[in-house]
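Hi,

Here is the structure I said I would pass on. Have a look at it first, and then read my notes underneath.

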Amino acid sequence: MQFHHHGYVSGDPRVKPAAGVGINRPQELPDEMDVLIVGSGPAGMLAAAQLAQFPDINTRIIERRPGRLEIGQADGIQARSVETFQAFGFAEQITAEAYWITEMNFWRPDTEDPKKIVRGGRAKDDETGISEFKHLIVNQARVLDYFADVAAKSPSRLVPDFGWDFQTLEVTDEGEYPVKVTLVRSAGPDEGAERIVRAKYVIGSDGARSKVRQSIGCSMRGDQANHAWGVMDVLAKTDFPDIRTKCAIQSHDGGSILLIPREGGHLFRMYVDLGVVPEDDHGNVRKTSIDEIIARANAIMSPYTVDVRSVAWHSVYEVGHRLTDRFDDVLPEELGTRTPRVFITGDACHTHSAKAGQGMNVSMQDGFNIAWKLGHVLEGRSPESLLSTYSAERQVVAKNLIDFDKTWSTMMAKKPEEFEDPSELEDFYVRTAEFPAGFMTEYTPSLIVGEAKHQSLATGYPVGKRFKSARATRVCDTNPLHLGHQAEADGRWRIYVFADAAAPGADSPTAELAQWLSTSPDSPLAAQPQGGDDDAWFDVKVVYQQPHEDIDINAVPAVFKPEVGPFKLTDLQKVYGTVPGDDIFDVRGLSRDGVIVVVRPDQYVANVLPLTAKDELAAFFGPLLHARQPQH
């Protein structure tokens with residue numbers, strides 16, 4: 001975290017100075033706004049926290065509830081999400097209060113007495129070191145609280161507008177704010193009052209029954225639900241020895257349980273198999289009482305017992321897998337003729353079972369993806385064509401998720417005798433670990449993802465996949481740090497220059513690239529607004545092959561030491577050396593001839609280029625930066 005560069009800060013440095021729309025921000029929902037976000041769930045709140053970092057963009061987020069969410073249904077936080085939390089500044093705090101999943105145990109019928117269950121296997125949660133971050137369990141409500149805190153402390157001072165229920169919208173051709181939105185007051189003294197507001201763009205994060213989705217003519221398609229599960233968060237007295245360990249429990253004839261310990265040391269969640277739902281059930285399974293769910297759990301867990309003392313929350317759901325064919329308001333016949341104005345995220349466009357722990361995680365990445373793109377378009381950094389990449393990218397991700405979840409939920413519902421091998425479920429969990437951890441997303445070439453023709457220069461940073469952090473030593477203060485952890489969710493592109501073997505000050509490809517970045521009109525940095533910080537739109541870091549003590553920071557080119565703040569102070573925190581015994585060049589397969597790794601604002605690798613590929617770097621950013629001055 002950097003602060004004081006605008007003057008001495010005596011209070012909480014996480015509270016950024018109010019700027020733009022954050023100065024005298026009106027409490028009441030205005031008639032016109034740049035972005036209206038509908039729904040304050042994970043996707044909506046992340047989108048709000050990201051857009052709040054753009055102080056000249058007027059973003060509002062409405063929520064039907066009268067206040068914050070108190071009990072959330074989702075609770076699984078995959079490592080990719082914790083990476084995202086790191087960028088927003090709260091990974092450490094939320095990790096401290098969460099339950100950490102380090103192992104999953106598999107219980108199955110005892111071969112000698114099938115009516116009893118025994119522990120059949122154990123699996124490490126991240127045996128291959130997919131991420132340095134942990135797999136967490138923490139209530140969705142707390143995740144929303146953290147994002148709300150980020151938004152409130154941002155320059156925009158964004159806070160949710162509670163008590164507004166979205167009704168419908170219409171995309172018109174009228175003026176600067178073409179999206180006409182009808183709202184109804186759902187709480188407060190004027191409950192029931194109707195209101196019309198206008199926006200440039202709308203993000204629908206309003207859940208599986210999304211009215212925004214309905215308004216743009218999207219429909220959910222997919223498999224009908226045919227299997228039901230009772231889910232309960234409970235406090236209980238039990239003799240089950242693994243009650244504080246994530247478990248998949250299969251009984252001989254009573255069904256299955258997925259056990260998820262919750263944060264706080266006592267609460268735990270159980271997904272209890274309620275069996276196949278008959279076609280003529282007409283929703284009756286959803287009336288299954290909590291007492292029936294508890295009884296079913298005890299039958300499955302014999303010879304162990306669960307004496308439930310308190311129920312925090314429970315529900316019954318039927319597994320269904322549904323997906324929309326588009327995530328925005330552009331109809332198939334309109335592709336290429338106009339850019340979208342309305343976007344849908346999260347459960348509004350994809351639904352699946354809860355047992356893979358993916359719903360909240362994938363939804364948040366939806367919000368991250370669209371929010372930075374809207375920020376760039378509205379600030380004039382990028383053309384509107386950038387917005388068409390949202391649906392193209394995220395629809396594929398959701399389809400892959402549903403395919404994975406179909407397999408996982410089907411396996412969870414199998415009877416033990418239906419497996420060819422008793423360890424089949426355990427083996428699948430280990431073999432597919434990278435997918436549920438959130439790291440299989442790989443965006444294909446587009447306006448914002450280059451061709452991977454130079455991939456051999458950085459084999460550990462596949463183009464289209466998330467930037468996997470590794471350690472380097474910051475030269476100015478000699479601290480070995482995770483390089484990826486220094487990237488904030490501030491809407492900036494990252495250009496990582498992994499230097500050739502020459503030390504700073506010598507003639508080299510790194511020095512030539514630095515000179516070009518600083519002075520060429522074709523450099524992407526030349527597009528930045530005049531009079532601002534040198535790194536306003538681009539965070540350019542250099543990692544030399546030498547250890548920190550062999551690097552003369554005064555010899556490092558100026559482009560890696562930008563001037564920031566009103567006092568034009570030199571930022572020395574973008575210059576790195578290697579960590580002896582943990583060399584990032586070896587760890588991430590980086591060429592010793594040097595390489596450029598370009599990373600998007602949402603942490604995905606956009607391009608890998610040789611140090612000499614200045615024309616290719618200019619060509620990549622050219623279509624993204626054609627608007628050379630910000631428009632407010």
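Is Arg338 buried, partly exposed or exposed? Arg338 comes out as partly exposed, since its relative accessible area is 27%, which puts it between the 20% and 50% cut-offs. Before I go on, please keep in mind that this is a predicted model.

I looked at Arg338 because of its salt bridge with Glu334, where N and O are 3.4 Å apart. Glu334 is partly exposed as well, with a relative accessibility of 22%. That value sits just on the partly exposed side, because buried means under 20%.

The Arg474 pair looks like this: Arg474 makes a salt bridge to Asp477, and their closest N and O atoms are 2.6 Å apart. Here the two partners fall into separate classes, because Arg474 has a relative accessible area of 10% and is buried, while Asp477 is at 26% and counts as partly exposed.

Then there is Arg492 with Asp535, a side-chain salt bridge at 3.1 Å from N to O. Both of these residues are buried. Arg492 lies in the loop that runs between strand 22 (479–482) and strand 23 (493–498). Asp535 is in the loop between helix 10 (509–519) and strand 24 (538–547), so the salt bridge ties together parts that lie 43 residues apart in sequence. The pair also belongs to a network: through shared partners, salt bridges join Arg492 and Asp535 with Asp490, Arg494, Asp539, Lys541 and Lys574. For the whole structure, the salt bridge count is 47.

Now to the other end of the chain, and strand 1. Strand 1 covers residues 32–38, and six of its seven residues are buried. Which strands does it pair with? One is strand 11 (residues 194–204), which runs parallel to strand 1 over six bridges. Within that pairing, Val38 has Gly204 of strand 11 as its bridge partner. Another is strand 2 (residues 59–63), again parallel to strand 1, this time over four bridges. There, Leu36 stands opposite Arg60 of strand 2. To get from strand 1 to strand 2, the chain passes through helix 1 (residues 42–51), and this β-α-β crossover is right-handed.

If you open the model, I would start with Arg492 and Asp535 and follow the salt bridges out to the other network members, including Lys574. After that, strand 1 with its parallel partners strand 11 and strand 2 would be my next stop.

Cheers

Conventions
Residues numbered from 1 in each chain as written. Predicted model: local features only at pLDDT ≥ 70, side-chain atom pairs only at ≥ 80, totals over all residues. Heavy atoms only, no water. Buried < 20%, exposed > 50% of the residue type's maximum accessible area, 1.4 Å probe, protein only. Helix = DSSP H or I, 4+ residues; strand = E, 2+ residues; numbered from the N terminus. Pairing = 2+ DSSP bridges. Right-handed = clockwise from strand over helix to strand, strands pointing away. Salt bridge = Lys/Arg side-chain N within 4 Å of Asp/Glu carboxyl O.
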